[in-house]
Amino acid sequence: MSLPQIIVIVRALAIWPFTAIIFAGLVFAGYVHGPWNGCWFFAMGCWFVLDTFWVLAAQTTKPIVPARQYRRAALTSAVVHLLYCLPLSSVPVLGLQILPRSILPEAAGAALCVVGVGFAIWSRYVLAGNWNAAVPLQQRHQLVRSGPYAIVRHPIYLGFFLVVCGMILALGEVRALVCAIHATQFFHKMKLEENILRETYPGEYPEYERKVKRLLPCIW
């Protein structure tokens, strides 16, 4: 096993103690202030599963993401995790309820998280070695159009967006919107990726664009 692969695995395992601390804090908060929102708790578990899978799957991808780029992304992700996962419901503005506390939207959010995680992992599995955290294409890159890529052109992003929507519904507080703000970067990446794919596959990709929608099946 190479050193970059070992580093990736260590990064993935480092998520576990962080999550254990968050969960311990939630248990304590639930004990002191009353029971927590179970769907919110479940949504965090889905997010953790997706993050762990993504980091572990990255060890099979070349080139490895530069350390500086990884640190910047990790810092941003950590801030989003803290704002969403910590028991901050009593904090002014951040804890303001934007959705009524009801089992219906909370359960719908948990269900969206499951669908989104499953769809994103399926898409990443189908893409296999063609996936790259950076926008430039790798050598021997292939235009994948099967499986989820026959449904939308960016199924991984669709999966992530479903998770984000689910997490907002599950928590229903202002601080949950930080997930949506964090996800807006995907729109920029989508445009960059499409421009590169049009240049790389001038005959195939425009036809693929005409047949398959970008993010929402049969809509957009």
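I began by fixing my terms: buried means under 20% relative accessible area, exposed means over 50%, and partly exposed lies in between. I also reminded myself that this is a predicted model.

**Entry 1: the F161–F187 pair**

I looked up F187 and found 35% relative accessibility, so I noted F187 as partly exposed. Its ring partner F161 is buried, with a relative accessible area of 15%. I counted eight aromatic pairs by the ring rule. In the one formed by F161 and F187, the centres are 5.2 Å apart and the planes stand at 35°, a tilted pair. F161 sits in helix α6 and F187 in helix α8, so this pair ties together parts that are 26 residues apart in sequence. I then followed the ring pairs outward and arrived at a cluster of Y157, F160, F161, F186, F187 and W220.

**Entry 2: helices α6 and α8**

Next I turned to the two helices themselves. How do α6 and α8 run relative to each other, roughly parallel or roughly antiparallel? I found that the axes of α6 (residues 155–171) and α8 (residues 185–200) come within 11 Å and cross at roughly 175°. Angles over 145 degrees count as roughly antiparallel, and α6 and α8 are therefore roughly antiparallel. On the α6 side I listed Y157, F160 and F161, which meet F186, F187, K189, M190 and E193 of α8. Sorted by class, this contact has six nonpolar residues, two charged ones and no polar ones.

**Entry 3: H154 and its surroundings**

I moved on to H154, in the loop between α5 (103–127) and α6. H154 has a relative accessible area of 6%, so I wrote it down as buried. Which side chain makes a polar contact with that of H154? I found E194, at 2.9 Å. Leaving out residues up to four places away in sequence, H154 touches M190, E193, E194, Y205, R214 and L215.

**Entry 4: R214**

R214 came up in that list, and I looked there next. I placed R214 in the segment after α9 (204–211). With 18% relative accessibility, R214 counts as buried. Apart from neighbours within four places in sequence, R214 is in contact with V152, R153, H154, M190, E194 and W220.

**Entry 5: Y205, another H154 contact**

I closed with Y205, which H154 touches. Y205 counts as buried at 1% relative accessibility. I also checked Y208, which is buried with a relative accessible area of 5%. Y205 and Y208 are three residues apart in helix α9, which means about one helical turn separates them.

Conventions:
Residues numbered from 1 in each chain as written. Predicted model: local features only at pLDDT ≥ 70, side-chain atom pairs only at ≥ 80, totals over all residues. Heavy atoms only, no water. Helix = DSSP H or I, 4+ residues; strand = E, 2+ residues; numbered from the N terminus. Buried < 20%, exposed > 50% of the residue type's maximum accessible area, 1.4 Å probe, protein only. Contact = heavy atoms within 4.5 Å. Axes fitted to C-alpha atoms, helices over the stretch in contact; angles between N-to-C directions. Parallel < 35°, antiparallel > 145°, perpendicular 65-115°, else oblique. Nonpolar A, V, L, I, M, F, W, Y, C, P; charged D, E, K, R; others polar. Polar contact = N/O pair within 3.5 Å; in protein donor to acceptor, adjacent residues only side chain to side chain. Phe/Tyr/Trp six-rings, centres within 6.5 Å; stacked < 30°, edge-to-face > 60°.
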